[in-house]
Amino acid sequence: MKEDYYEILGISKSATAAEIKKAYRKKALQYHPDKNPGDSSAEEKFKKSAEAYEILSDADKKARYDQFGHSAFEGGGGGGFGGGGMNMDDIFSQFGDIFGGGFGGGGFGGFGGGGGQRRVKGSNLRIRVSLTLDEIANGVEKKVKVKRKVQAEGVTYKTCSTCNGRGQVTKIQNTILGRMQTAAVCSTCGGSGQILDGKPGDSDAQGLKVVEETVSINIPAGVEEGMQLKVPNKGNDAPGNGVPGDLLVAIETQEHSTLKREGDNLHYDLYVSISEAVLGTSKEIDAVGGKVRIKLEAGIQSGKILRLRGKGITSLNGYGAGDILVHVNVWTPKELNKEQKEFFEKMQGNDNFEPKPEKSDKSFFEKVKDMFS
Ligand SMILES: [Zn+2]
């Protein structure tokens, strides 16, 4: 059972955006890894608070959470927002500003933990990619333009004199238990052990400059709205000997005009006239990547569901594909001319027109049950 996000932050459901932010800042500072070195329960609370804040600080996600609880963010499989928890890099790159200047290594975003010099990680970049149903159904390669910070040419570094390249500094503190020695990340170099020595004029204070780069993203079939993909090393470069951050891609899905998605299955509402239902017909329907023609037997009943196996969305986990479920609706005319009216009046009481549901003509509810069994 996941903890309630409001309880994690210690606020009521009616808290304002400012109150939510304030509550998160308080928790983040209390459980910050720099303040609780080696304390895994503090780290856990730090991550939980960030996850709660990520959801509650976003009006859309907050509304979904208020309505559906944690289930609104589960079932992603691909690591949906909040689903699998957040890692430290995400937290610092996303909410780093909330800590003010004193924490999180300035704009670097990385937190390596452990002792000694660390490889500072560049901050992550976030983009949204909007996909059509056809693109989702079979997967797609998307090329996107990303503005990322890269190390400017001609930048040089030297060993940090504060920590002598060790990346951390030791502090002696007087506590009730006596003098304690604690290690902290060097604030001069952010833990990398190096600081900027010389830089060209077109770079920023960290020796980075912004370039536009085309990044190709392989999007697997079957992704869903709100999922997040990671393209490693396509975020911002880190200064010095660090590693680049990641490009985090949030998936948005566009609605199809006729096909409605449900998991890997697609639903299609087909309308036929009474005469088509009586005499049988063939109809073209929308499918993934184009149209398909299906045959309707003479005497088909309204409410019948035709299943086109494997014509749905390719499963994200790689096990086959869903189906297209064609719901047959017989359209009853609202207006008739004299001749038509006479015909139907003549058919009243005619044995062929009397409903005779068979065992195989299952009720709507039975069909729905079958579909999910
Ligand atoms: Zn240093």
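Here are legends for a few close-up views of this predicted model.

Residue numbers start from 1 along each chain as its sequence is written, and side-chain values use heavy atoms, with hydrogens and water left out. Because the model is predicted, local features need pLDDT of at least 70 and side-chain atom pairs count only at pLDDT 80 or more, while totals for chains, interfaces and linings use all residues.

**View 1. The chain as a whole.** Let's start with the full chain, which has nine helices and 15 strands; these are DSSP runs numbered from the N terminus, with helices being H or I of at least four residues and strands E of at least two. Out of 373 residues, 39% are buried, meaning under 20% relative accessible area (over 50% is exposed, in between is partly exposed; 1.4 Å probe, protein chains only). Take the contacts (heavy atoms within 4.5 Å) between residues at least 6 apart in sequence: 64% of them link residues at least 24 apart.

**View 2. The zinc site.** Four cysteines hold the spotlight here: the SG atoms of Cys160, Cys163, Cys186 and Cys189 are the protein donors of the zinc ion, at 2.2 to 2.3 Å. Donors are N, O and S atoms within 2.8 Å of the metal (3.2 Å for Na, K and Ca), and with water not among the atoms, sites may look incomplete. Angles among the four donor atoms run from 99 to 116 degrees, making the site tetrahedral, a label for four donors with all angles between 85 and 135 degrees. Along the chain, the donors are spaced as C-x2-C-x22-C-x2-C. Both Cys160 and Cys163 are buried.

**View 3. Ala184 in strand 5.** Ala184 sits in strand 5, residues 178–185. Its relative accessibility is 19%, so Ala184 counts as buried. Beyond its neighbours within four places in sequence, Ala184 contacts Gln168, Val169 and Lys171. From Ala184 to Lys171 is 13 residues along the chain and 7.4 Å between C-alpha atoms.

**View 4. Gly207 in a loop.** Look between strand 6 (194–198) and strand 7 (208–219) and you'll find Gly207 in the loop. Gly207 is buried because its relative accessible area is 0%. Setting aside residues up to four places away in sequence, Gly207 touches Val150, Gln151, Ala152, Val155, Leu196 and Lys199. Thr156 is 51 residues from Gly207 in sequence, yet their C-alpha atoms are 8.4 Å apart.

Conventions. Tetrahedral: all angles 85-135°; square planar, octahedral: opposite > 155°, others 65-115°.
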